[in-house]
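Please look at the sequence and the structure shown here. The questions that follow ask how certain terms are justified, and each answer sets a value against a definition.

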Amino acid sequence: MSEELKQQRLNKLEQLRAAGVDPYGAKFTRRTAAADCSENFREGRAVRVAGRVFSLRGHGKSVFADLRDATGRIQLYFRRDRLGEGENLLLQCLDRGDFIGAGGKLFHTRTGEVTVQVEEARMLSKSLLPLPEKWHGLKDRETRYRRRYLDLLVNEESREVFQARGRAIRVIRRFLEERGYVEVETPMLQSLAGGAAARPFRTRYEALDTDVFLRIAPELFLKRLLVGGYEKVFELNRNFRNEGLSRFHNPEFTMLEVYEAFGDARTMMELVGELIVAAAREVGGGLVRGEGEGAIDLTPPWREVRYRELVMERAGGDWFEISDEGRRARAESFGLEIPPEWGEIEITREVFEKTIEKTLRAPTFVTRLPAGLVPLAKPCADDPDSADVFELIIGGLEIAPGYTELNDPLEQLRRFQVQAAGDLERIDEDFLTALEHGMPPAGGMGVGIDRLVMILTGAAAVRDVILFPQLKPRKE
RNA sequence: GCCUCCGUAGCUCAAUUGGCAGAGCAGCGGACUCUUAAUCCGUUGGUUGUAGGUUCGAUUCCUACCGGAGGUACCA
């Protein structure tokens, strides 16, 4: 079926070729932006516009066309009897979706629309496949993700989301640079995938005859830079995690990590709050996102609450005094499945992640997580069992963790040994060596950019804020 | 991985209890010199995701597979 539509367009293409016209023509110079035509309108102003034809309205001897470029839309008006052979052939072979260039003079139509009275025009690129329907647009989610270009062409909301994403990222960079943070790039191919706990992607490095991993986090390299004299440093780039797809997970996702020598978790807490508010302001729409129940108010100051308190609020004030058996029973009464080997830390984490986290809609800094859960963070000065960290939750999603970074090499080695549980090859000796040379006390944080953009744009799925999200390959 | 729902023309959607697969838009042909989802007349277009099964008869019921959505699992 589409074959027939395509054949019709191929025939037009041949017709152009037969007349000596290249349907995939050369560059088009001295272009006028569509937006410029209306912003700087002058009756009779000569302009040259180029773009994709989105609408064609034949009307006897005249034809109206809507042309769109990156700046906006401009209407073209063709008078067949006042145009040459070339233009008449073009009109005959023109389809919605084609790229054309046109020169002419600006005027207002009777209804007041800025329009180019076309004097000359030529085909710049003939499209062979039809654009999705203009009125209902493209709704099919699968097609929107797989052929994002079509989604971007016909769904304005989608264009707006990605413009917002671009603006948010730009303002984040500017915000950090203005405060003296330096952007760096560290390896994505790593021989040990450290800095987080996640299954990595493995690939083959043929020249070295060895396997390497795509990074799951840049953390351990950024800390080496603190050792190397960087004091305020950040990286804003992709991480890769070999895990399932979901509404909130894409295997490659964008992460901001920031480190500041001589700072701590509190330094980072202040920074991330200002940074997110700045991004929200840039994206626009105020500090209250969404409406009704699901609304999220980003107005500072944000709630700060200890992990233990949240857990006791939910699971009982005596939660940390009862036995593991009692905790297991109580957790199971919340509908959770608890493996028998789990102790206090694991059961508590399960309760937190499954029953508490998603209820935290307003921005909330959860502080003082159990030290065992965060092996790269420093314990609190007043309590060795709690780590001096925060987890920023917004809209029920983990948006940004922040640490007072562990800079004691001996303590870091001990933690790695516990974590590696015998598999000593997984310990990053090179990183430990760097710590032994001395890393200044520091604060560090990470911001999940995709999730942040979801919140700022009100997107329901991470796929909606990633241009080409991961999908299963299409077979047949 | 598991559970539920979904898949019909290029796009957006219909199709009664299992009974001839339809509409709008786009396309094609024609009319029309300021249209705006232009209008009017005519018209093409389908292996109903794929492969099987039940049935006189399947878009509809059953099984498997492919893909998508939501949930769940994995996930510092």
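Q: Why is Arg30 called exposed?
A: In this predicted model, Arg30 has a relative accessibility of 65%. The term exposed requires a value over 50%, so Arg30 counts as exposed.

Q: Where is Arg30 placed, and what is its phi?
A: Arg30 belongs to the loop between α1 (2–18) and α2 (34–39). Its phi is positive, at about 50°, although Arg30 is not a glycine.

Q: Is Arg368 called buried or exposed, and what makes it so?
A: The relative accessibility of Arg368 is 17%. Buried means under 20%, and therefore Arg368 counts as buried. Arg368 is found in the loop between β15 (364–367) and β16 (379–380). Arg368 also has a positive phi, of about 55°, and is not a glycine.

Q: How do you know that the peptide bond between Pro300 and Pro301 is cis?
A: The omega angle of this bond is about 0°, and the bond that joins Pro300 and Pro301 is a cis peptide bond. Pro301 lies in the loop between β13 (296–297) and β14 (303–306).

Q: Why is strand β2 described as largely enclosed or not by the rest of the structure?
A: Strand β2 covers residues 62–69, and six of its eight residues are buried. Because of this, β2 is largely enclosed by the rest of the structure.

Q: What makes β1 and β2 a pair of strands?
A: Pairing requires at least two bridges. Strand β1 (residues 46–59) and β2 have seven bridges, in the antiparallel sense, so the requirement is met. Gly58 stands opposite Val63 in β2. The hairpin of β1 and β2 has two residues between the strands, and Gly60 takes a positive phi near 65° there.

Q: How do you know that β2 also pairs with β3?
A: The requirement is again at least two bridges. Eight bridges join β2 to strand β3 (residues 72–79), so these antiparallel strands satisfy it. Ala65 faces Leu76 of β3 across the pairing. β2 and β3 form a hairpin, with two residues between them.

Q: Which residues of helix α11 are called buried, and what covers them?
A: In α11 (residues 344–356), the buried residues are Ile347, Thr348, Glu350, Val351, Phe352, Thr355 and Ile356. The term means that each has under 20% relative accessible area. Their cover includes α9 (307–315), α10 (324–333) and β15.

Q: Which residues of the largest nonpolar core touch the most other members?
A: This core has 47 residues, and Ile172, Leu176 and Leu256 touch the most other members. At least two residues each come from α6 (156–178), β10 (232–240), β11 (252–261), α8 (265–283), β18 (389–394), β19 (397–404), β20 (442–448) and α14 (449–457). The element that gives the most is α8, with eleven residues.

Q: What is Leu176 in contact with, beyond its neighbours within four places in sequence?
A: Contact requires heavy atoms within 4.5 Å. With those neighbours left aside, Leu176 is in contact with Tyr181, Phe234, Leu256, Val258, Leu271 and Leu275. There is also a second, separate core, of 39 residues, which includes Tyr259, Val366, Phe416 and Ala420.

Q: Into which domains is chain A divided?
A: The chain is divided into domain 1 (2–125) and domain 2 (153–302 + 362–465). The centres of domain 1 and domain 2, taken over C-alpha atoms, are separated by 48 Å.

Definitions and conventions. Residues are numbered from 1 along each chain as its sequence is written. Chains are lettered from A and ligands numbered from 1 in the order in which they are written. This is a predicted model: local features need pLDDT of at least 70, side-chain atom pairs count only at pLDDT 80 or more; totals for chains, interfaces and linings use all residues. Side-chain values use heavy atoms; hydrogens and water are left out. A nonpolar core is a set of buried Ala, Val, Leu, Ile, Met, Phe, Trp, Tyr and Cys residues joined through side-chain atoms within 4.5 Å. Buried means under 20% relative accessible area, exposed over 50%, partly exposed in between (1.4 Å probe, protein chains only). Helices (H or I, at least four residues) and strands (E, at least two) are DSSP runs, numbered from the N terminus. Domain bounds come from an automatic or database domain assignment.
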